[in-house]
Structure formats: C-alpha cells, structure tokens
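Good morning, and thank you for joining this session. I would ask you to keep the sequence and the structure in view while I speak.

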Amino acid sequence: KPAQRIEVKYGPITPKNRTDENMERFRNYGLGQFIHWGLYAIPGNEWEGVSARGGAAASEWIRSWGGATAPKDWKNTYDNLYKQFNPKDFDAKKWAKQAKDMGARYMIFTTKHHDGFAMWPTKYSDYNISKTPYKKDVTKEIVDAYTAEGIDVYLYFSVLEWNNPNYMGAEPKTPEEKEKFQKFLDYTRNQLLELLTNYPQTKGLWFDGTWDKSWIMAYEFTYNLEKELRTKFPGIIIGSRFRNDEFGKRHFDSNGDILGDYEQGWERKLPAEFEWLDGNTWDCVMTVPPNGWGYMKDWSGLYTKTSDDLIDMLMHCVSMNGNLVLNFGPDGNGKMHPGEDILAKEIGEWMKVNSEAVYDVRHAGLSPSKLGYFTRKENNLYLTVFNRPVNNIVRIAVPKKSTEVPKTAKLLVDSKELKVVHSDIGLDLDQSTYYDVVLPENFNAKKAFVIKMELGAPK
Ligand code: JFZ
C-alpha cells in the first residue's frame, strides 16, 4: 500500500466486503470442489513420450510443455484431440452426488482452459464440445446436476488462449495487432455473456490466464466489461484475478484495494497469519498432487495429499474466514481418478460428523492453538484437534479480560459431555487464563476430532 492514496480511475467497482446474500453465502461455504476437465484429460500427464508431472509441468499444460521432447507437430496433434473426446462414463449426476457426499457447497468448472477449447457449444468459435463425437453440452449437464444437489456453480474461464490467432501475450502495437486483439476482446466478451445467459444458475466467475501484457493493457475494456457483467447479471461474484488497474496492478489496485469480490491469490498457498488477509473474503484452491489440475493417470513417485492433509488445510482456511476448494481432474472417459474417489469418501465421512465446525463459521479471535484450529458460530466455539495432547488435557487460552469463556464441552463424534476446568495456572506471558477440557481416557481417534464448547460469562 502506498503511504498516501493515489488517484486510481480503474480501481474496484464493488465494495471490499459485499454484504448481499450471495456474498454471505460465499463466505459460509467452507468446502468447495474444483473440476479441471478438458481435452488434456485424454493424454493425462504422460503422452507420446511427453511428460507433464509436477513442478511447473501440470498435466493441463501438456500442450505447451512438449519442449524438445515433443514429437513433431505436437501442438497440432493436441489441437485435434477433440475428435476423440467421447467420455462414455461421464455422468454429471454422479459427480454432483459425490461432491454433495463429500460436503462441498460450491463447485468451479473449467468451461475453457488455456488450450482454448470450449466445453460448451459456443457460437463464437468452432473449437467446442459440439464438434466432438460426444456432442452434448457438458457444461449444461454439470450446471444442472450440481444445482439440483444444492451446490452453487462457478465457472472457470481462461482468458488467454494458446491457439487463437487473434490472441497475443505481448502488448499489441501495430494497427494490425491492435485490430486482431480487439477482435479477441470482443470474442471474450461475447463468450462471457453467452455463458452467463446459457447457464443462469451460475453464481460467479473464476478467471485465469489474465497475466499477459496484452490483457493488462486492456484495463479500460476489462473495467467496462466487469461493469457490464455486474449490470446484466446482478449479484454475480467475480474474483480478484480478472483485471488490473491502469498502473498494471493485479488482484489489488495501486492503493492496495481488492479488485473484485474475493481474493483469488491463494492458489496452493495458505496464509500463515490471519492478519495477512486484511479482512478480505478469500478461498484457497488446492491440488491433490503437488501441482497438476487436469487428469494425471500416474501419481506414482509424487506426494499426493491425504485426507488428513486436506482436512487440516480445510480447517486452516475456515479458521481464517476462507474456503478450501479441492481439485478433481476426471479422465477422458469422465471418471474421477480412483485416488480422488477415496479422498472424497474419507473427507465426506469426516464431514458427516464434524461439518458443524466448518459450515457458516468465522475466525474465533483467540490466539492460535498448537493443538488445532478454532472456529466459531454464535456462542459456540469449536476446536478441531489434530495434535492430541499426551495427557488428554486440551488447554484453551482465553484472554484474562474476556467476557466469554468455555462453559461446557463435548465431542462432536459422540456428544458426550466433557469436564471443563478453569486452570488459572499463574502463567502470565500473554494475559491469558486457561480452560482445560479433559478428554476421556478410552477415546480413540483415528482422525482429527472436534470439541464443541459453549461460551458464557466467566464465574
Ligand atoms: C492457473 C492455470 O495455469 C493452471 O493450469 C490451473 O488452472 C490453475 C488453477 O490456475 O495456474 C496459476 C495461475 C496463477 C497462479 C499460479 C498458477 N498464481 O497467481 O500464483
């Protein structure tokens, strides 16, 4: 943030924290699902001798990752993959049911990734799903199926396209370049209006591929487009990755004010401290492998996150007012990776017992605990314990001046009352006093568990 505010003409269009129903809903989701599905699902991460596994080489980047090892005519080969796209096992209702069982309350679907292939029958390009052997509109099937399960749908949209002759990454300079890029901008606008018109249930847009100079220089166009989308589709939610101000500042403008309705920069990253978030609405999108969003047929030799890892990240997010969005990369036949099926099931089983600590909660405002994460809803305080103390005493530090302290405690897993003892141990390092929740000796936890406490006035 600058020492003094400067004049920004193309700054935020919406206030920092919208208070309307849609935004409140967003802040209450807790858990979401991302789906990366497109032509890159056919090759997976290994294809014709080209490997795209981990590091920067994500599987959905395989077209641009061929490098020296790629067979001749690699990009052309990739661009013809659509002729094979025929996902015989695709069942949007099955995906939506799985997401529901996992506990997801919103989902984000890749309508068009960097390869430029549209997963809906767009009027504005022939490179789309209707030209595949499958023919049907998968975006519609997905939007309808998830909406029917009560899961809110957001559309991922990559602005940049690798194979569009009108797209360029550099700033358009000559009149010809300017004309071409203007065509591209008009095309982008048309596609976005088309998507929101075709799929009116859409709650928001998740933008990507907006980092090139050409797009950055189009700040006047993007500003007006954001205004137009908001006017034509009231309540729409747009993340901070859509545009930049006239000084080229992305996500946040030159005054440090967020551009869009929520912070989209937490990609495979988590804030270490609540203060870093500066009160902004946010979510974190996460892959199962280290990197790789599209289908990876081969997970071997890579660390793939466990349900314990992911539940830890989920609680990290919600304890800081964010959502966790877990990515799935279905294969070319429309089936999830078997490893993803297992994760969805394990997370779902955990959520069935513990979702009260995840949904509609907020940052509790207590000092972070080494044992796990605090969340809060009304006068309920939740501690999700990942590190169980060897003495079975879960010690909660409460500021000495606090007007609310834990009065009762129980485990969400069995609702049995636990003893709560005020233990004023005389330690005065941080102006805290302590409340001890005593765990039953015979309590066996195989996963993180939640202690629910009721807050009330101290004695
Ligand atoms: C982008 C894509 O390139 C990728 O394929 C995937 O779709 C992912 C969700 O989004 O990758 C990015 C974009 C932005 C950052 C990092 C990776 N970033 O801002 O740190």
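Which residue in S16 is the bridge partner of Thr 408? The partner is Glu 454. Before I go further, this is a predicted model, in which local features need pLDDT of at least 70, side-chain atom pairs count only at pLDDT 80 or more, and totals for chains, interfaces and linings use all residues. Residues are numbered from 1 along each chain as its sequence is written.

Let me begin with the sheet around that pair. Strand S13 (residues 405–411) and strand S16 (residues 449–456) are antiparallel, joined over 6 bridges. By strand I mean a DSSP run of E with at least two residues, and by helix a run of H or I with at least four, each numbered from the N terminus; two strands pair if DSSP finds at least two bridges between them. The open sheet has 7 strands with antiparallel pairing, in the order S10-S11-S16-S13-S14-S15-S12. Strands S10 (372–377) and S12 (393–399) are at the edges with a single partner strand each, so one side of each has no neighbour in the sheet. From one strand to the next, the twist averages 25°, where axes are lines fitted to C-alpha atoms, for helices over the stretch in contact, and angles run from 0 to 180 degrees between N-to-C directions.

On its other side, S13 pairs with strand S14 (residues 417–422) in the antiparallel sense over 2 bridges. Here Lys 410 stands opposite Glu 417. The hairpin of S13 and S14 has 5 residues between the strands, and Ser 415 adopts a positive phi near 60° there. S14 also pairs with strand S15 (residues 432–438), antiparallel over 4 bridges, with Asp 436 as the bridge partner of Val 421.

I turn now to strand S8 (residues 282–286). Is S8 buried or exposed? Of its 5 residues, 5 are buried, so S8 is largely enclosed by the rest of the structure. Buried means that 20 or more other C-beta atoms lie within 10 Å of the residue's own, exposed means 12 or fewer, and partly exposed is in between, with C-beta atoms placed from the backbone. Trp 282, Cys 284 and Met 286 point one way, whereas Asp 283 and Val 285 point the other way. In general, side chains of a regular strand alternate between the two faces of the sheet.

S8 pairs in the parallel sense with strand S9 (residues 322–328) over 5 bridges, and Met 286 has Leu 326 as its bridge partner.
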